[in-house]
Amino acid sequence: MAQVQGHEALGELSRRFAGAIEEAGSLKDKPFLRLRQEALLPLCQAAKELGFDHLACLTAVDYPQHGYFEVIYNLYSYAARAHLVLKVRCPREAPLLPSVAGVWKAALFLEREAYDLMGIRFVGHPDLKRILLPEPWSGHPLRKDYDMAQEQFVSKGPQGEDLVSFDQTRGW
Amino acid sequence: MAPLGLAERAKDGRGGLLLMRLEGLLRWGRSNSLWPMTFGLACCALEMMATQASRFDMARFGSEVFRPSPRQADLMIVAGTVCKRMAPRIKTLYEQMADPKYVIAMGACAINGGPYQKSYSVVKGVDLLIPVDVYVPGCPPTPEALIAGLIKLQEKIRGEGARS
């Protein structure tokens, strides 16, 4: 029952955004759509109107061999008890995507996490800054090309602000 | 300097008898009234909570008043992984505690980074930030181990165990 409703939503969205869907199918029994990024915002709005009121998780994967990041939106509808997975790709050289924070407020923190660890910039996010690492940190550690050999050290500045240095003697 | 017994002090002619008694009393009082800070960083904190709760009952050893403010605490139990983002905050909390203050590094992460030894985001031991009195190994340590660490700290405060 629940999955049927999820797949019904998938059918409805596929019809309405037919031109923007690059791939549709099922992922571990969850219906999923891969779409072009121009359609992301209107499709998310439509998905919310179809009952997907909860952005359960927003995550990103780095595919350096293909030259893009894939951002994955896991949606859930409490009323229908249905899942829906959306995927969008953005090029590694210019990792820009529209922010969905205006649709689901949960995206405020989730997009900051994806920005912090993967370096994807969400255009339209009201406060896009790092969430887990100190603000002056260099690089985005979940990228495949992040240099794990070069450690960064954190210390406390005179005003209590975070300082980051590559010099082991100047931090912890 | 090895601590002198009361009887030896009484005979050495320096007249420190009253001082020693007071100091001993003070140390004994301090050691049996440690106020830990309510503060957990990772899974070790659950074992710390279990240590404090009824089954293991840390209160038997005079250390039950977990304080929500560093200004009222004299024992910091670093229970868990010290992330680099957290490190300056831990330093600040330690600085806010009133003297005399003590630190227990609980678990592998707080001792040297533990399983996150090669992580980009974890401090390789809380003793890089603040002086540690007692290390309690384990991943996580059992409540018994933490109690053993607490008793070690009490011995240290009383001047009975290893000197700092």
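Leaving aside sequence neighbours within four places, P126(A) is in contact with A101(A) and L108(A). The model described here is a predicted one, and this report moves from single residues of chain A to the contact between the two chains and then to chain B.

**Loop residues of chain A**

The residue P126(A) sits in the loop that runs between β7 (121-123) and β8 (153-156) of chain A. One of its two partners, L108(A), is 18 residues away in sequence, and the C-alpha atoms of P126(A) and L108(A) are 8.1 Å apart in space. Despite these contacts, P126(A) has a relative accessible area of 64%, and it therefore counts as exposed, the cut-off being over 50%.

Two further loop residues of chain A carry a backbone feature of note, since neither is a glycine and yet each has a positive phi: for D29(A) the angle is about 70°, and for R81(A) it is about 50°. D29(A) is placed in the loop between β1 (21-27) and β2 (30-35) of chain A, while R81(A) belongs to the loop between β4 (68-77) and β5 (82-91) of that chain. Are these residues buried or exposed? D29(A), with a relative accessible area of 53%, is exposed, and R81(A), at 61% relative accessibility, is exposed as well.

The accessibility values of the residues treated in this report are set out below.

| Residue | Location | Relative accessible area |
|---|---|---|
| P126(A) | loop between β7 and β8 of chain A | 64% |
| D29(A) | loop between β1 and β2 of chain A | 53% |
| R81(A) | loop between β4 and β5 of chain A | 61% |
| T51(B) | helix α3 of chain B | 0% |

**The contact between chains A and B**

Chain B contributes 17 residues to the contact and chain A contributes 17 residues. About 1300 Å² of area is buried between chain B and chain A, and carbon and sulfur atoms give 61% of it. Of the area that chain B buries against chain A, K84(B), R85(B) and Y120(B) supply 55%, which is more than any other three residues provide.

How many salt bridges are counted between chain B and chain A? The count is five. In one of these, K84(B) is paired with E151(A), and the closest N and O atoms are 2.7 Å apart. Between the two chains there are also eight residue pairs in polar contact, with both residues at pLDDT 80 or more. On the side of chain B that touches chain A, the residues divide into seven nonpolar, three polar and seven charged.

**Cis peptide bonds and a buried threonine in chain B**

Chain B has a cis peptide bond between D99(B) and P100(B), with omega about -10°, and P100(B) falls in the loop between α4 (87-96) and β2 (102-106) of chain B. The peptide bond from C139(B) to P140(B) is likewise cis, with omega near -10°, and P140(B) is located in the loop between β3 (134-136) and α6 (143-158) of chain B.

T51(B), by contrast, is part of helix α3, which spans residues 44-52 of chain B. Its relative accessible area is 0%, so T51(B) counts as buried, for which the cut-off is under 20%. Within the chain, the side chain of T51(B) reaches the backbone oxygen of E47(B) at 2.5 Å. Apart from neighbours within four places in sequence, T51(B) is in contact with F56(B), D57(B), M58(B), P143(B), L146(B) and I147(B).

Definitions and conventions: Residues are numbered from 1 along each chain as its sequence is written. Chains are lettered from A and ligands numbered from 1 in the order in which they are written. Side-chain values use heavy atoms; hydrogens and water are left out. Contact means heavy atoms within 4.5 Å. Buried area is the accessible area (1.4 Å probe) that two parts lose on being put together, summed over both. A salt bridge is a side-chain nitrogen of Lys or Arg within 4 Å of a carboxyl oxygen of Asp or Glu. A polar contact is a pair of N or O atoms within 3.5 Å; within protein, one must be able to donate a hydrogen and the other to accept it, and residues adjacent in sequence count only if both atoms are side-chain atoms. Ala, Val, Leu, Ile, Met, Phe, Trp, Tyr, Cys and Pro count as nonpolar, Asp, Glu, Lys and Arg as charged, and the others, Gly among them, as polar. Helices (H or I, at least four residues) and strands (E, at least two) are DSSP runs, numbered from the N terminus. Buried means under 20% relative accessible area, exposed over 50%, partly exposed in between (1.4 Å probe, protein chains only).
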